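Below are my notes on the model, as numbered points. Please read them beside the coordinates.

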Amino acid sequence: MDQSDQLSDYFPPPLQVGQSCFDWGKRTYVMGILNTTPDSFSDGGEFNALPTAIRRAKTMVQGGAHIIDIGGQSTRPGAKTVSLKEELERTIPVIQALRQELAIPISIDTTRVEVARQALQAGADLVNDISGATFEPEILAIAAQHRAPIILMHIRGTPQTMQNLTDYGDLIGEMKQFFTTQIDLARHYGVLPQQIILDPGIGFAKTAEQNITLLRQLPELKKLGFPLLVGPSRKSFIGKILDQPDPKQRVWGTGAACCRAIAGGADIVRVHDVEAMAQVCRVADALWR
């Protein structure tokens, strides 16, 4: 029995988001990253003006993105927390403008209840919470009210503290316990099981070696029965392997990580370099699906 046969038991039902249907297991979907921030780790300041953000989103759609993920708060290690007002000003106008231009799903990358509420009202379709709903659990109620899918990511601590919290006894076992707890909480708030997506959180409270371990052991997380989103794009563990300090020079390292993720059952890859990674996904899908 090959790995794809073993994983076939864990495909969740298809998910309809606006005009898009995500038929899990049939292909890898590409989430394009749109950081409207001045301080993100690899593209800070490039797309934080409305015209450049809109152009960037359109370019990613043309390159093969299935979802655009908009974030107004950098979550790189040590990033400073911006005010609620600032995060809203960075994201809501972009969502409003893109909703008029694009038919594909828009995701709001936030941990804040109020940002999620206003983003969904402005036309966003999904919530992507890097805290896994641990910072403001009421975000789950907002997702439930809007019948919006929510991505729950594994993290320990905050972006300010997470790299000091990498002491796991059993990395995958503890991640599975975290997800089980947060899935139960999401369902308590009324989120439908088919609208939950899990993200193992590469680079969040994990060393380079632990990132490699979790990529190798994704099939264990797949057994939880939910779609998996994996975000290896330009991350520091790739830089460590390649001895490459410039995140923008980690494109093909990212491609290799995406292949490993797809072989392990990833359903969505979250990336900066959409056109290149869309090609990687098409070939990887032909090889592993």
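1. Ala 133 sits in the loop that joins strand 6 (126-129) to helix 5 (139-145). The model is a predicted one, and in it the phi of Ala 133 is near 65°, a positive value in a residue other than glycine. Ala 133 has a relative accessible area of 1% and is therefore buried, the cut-off being under 20%.

2. Which residues does Gln 182 touch, once its neighbours within four places in sequence are left aside? They are Gly 132, Ala 133, Thr 134 and Leu 152, so the loop residue of point 1 is one of the contacts, where contact means heavy atoms within 4.5 Å. Gln 182 belongs to helix 6 and is buried, with a relative accessible area of 7%.

3. Two other residues of helix 6 have other surroundings. Asp 184, also in helix 6, is partly exposed at a relative accessible area of 48%. His 188 lies in helix 6 too, which covers residues 171-188; because its relative accessibility is 65%, over the 50% cut-off, His 188 counts as exposed. As for distances, Asp 184 and Thr 36 are 148 residues apart along the chain, and their C-alpha atoms are separated by 32 Å. His 188 and Gly 25 are 163 residues apart in sequence, with 27 Å between their C-alpha atoms.

4. A second positive phi in a residue other than glycine is that of Asp 243, near 55°. Asp 243 is in the loop between helix 9 (236-242) and helix 10 (251-263). Is Asp 243 buried or exposed? Its relative accessibility is 69%, so Asp 243 counts as exposed, whereas Ala 133 is buried.

5. Helix 3 (residues 84-101) has 18 residues, which should span 26 Å at 1.5 Å a residue; the end C-alpha atoms are 26 Å apart, so the two values agree. Its buried residues include Glu 87, Arg 90 and Thr 91, along with Leu 88, Ile 92, Val 94, Ile 95, Ala 97 and Leu 98. An α-helix has 3.6 residues a turn, so residues three or four places apart point the same way. The buried residues of helix 3 pack against strand 3 (29-35), strand 4 (67-71) and strand 5 (106-109), and also against helix 2 (50-63) and helix 4 (113-122).

6. Helix 2 has 14 residues and reaches 20 Å from its first C-alpha to its last, close to the 20 Å expected at 1.5 Å a residue. Buried in helix 2 are Ala 53, Ile 54, Arg 56, Ala 57, Met 60 and Gly 63. These buried residues pack against strand 3, strand 4, helix 3 and helix 11 (274-288). Gly 64 follows helix 2 and has a positive phi, near 120°.

7. On the chain overall, the protein has eleven helices and ten strands. Its radius of gyration is 17 Å, which agrees with the value near 19 Å for a compact globule of 289 residues. The C-alpha atoms fill a box of roughly 50 × 45 × 40 Å along the principal axes. Buried residues make up 58% of the 289. Of the contacts with a separation of 6 or more, 69% are between residues 24 or more positions apart.

8. On the surface and charges, the protein chain exposes about 11900 Å², and carbon and sulfur atoms supply 50% of that area. There are 29 positive and 31 negative charges, with mean positions 2 Å apart.

Terms used
Residues are numbered from 1 along each chain as its sequence is written. This is a predicted model: local features need pLDDT of at least 70, side-chain atom pairs count only at pLDDT 80 or more; totals for chains, interfaces and linings use all residues. Side-chain values use heavy atoms; hydrogens and water are left out. Helices (H or I, at least four residues) and strands (E, at least two) are DSSP runs, numbered from the N terminus. The radius of gyration is taken over C-alpha atoms; the globule rule is 2.2 Å times the number of residues to the power 0.38. Buried means under 20% relative accessible area, exposed over 50%, partly exposed in between (1.4 Å probe, protein chains only). Accessible areas come from the Shrake-Rupley method with a 1.4 Å probe; for residues, only the protein chains shown count as cover. Lys and Arg count as positive and Asp and Glu as negative; His and the chain ends are not counted. The place of a charge is taken as NZ of Lys, CZ of Arg, CG of Asp or CD of Glu. The expected span of a helix is 1.5 Å times one less than its number of residues.
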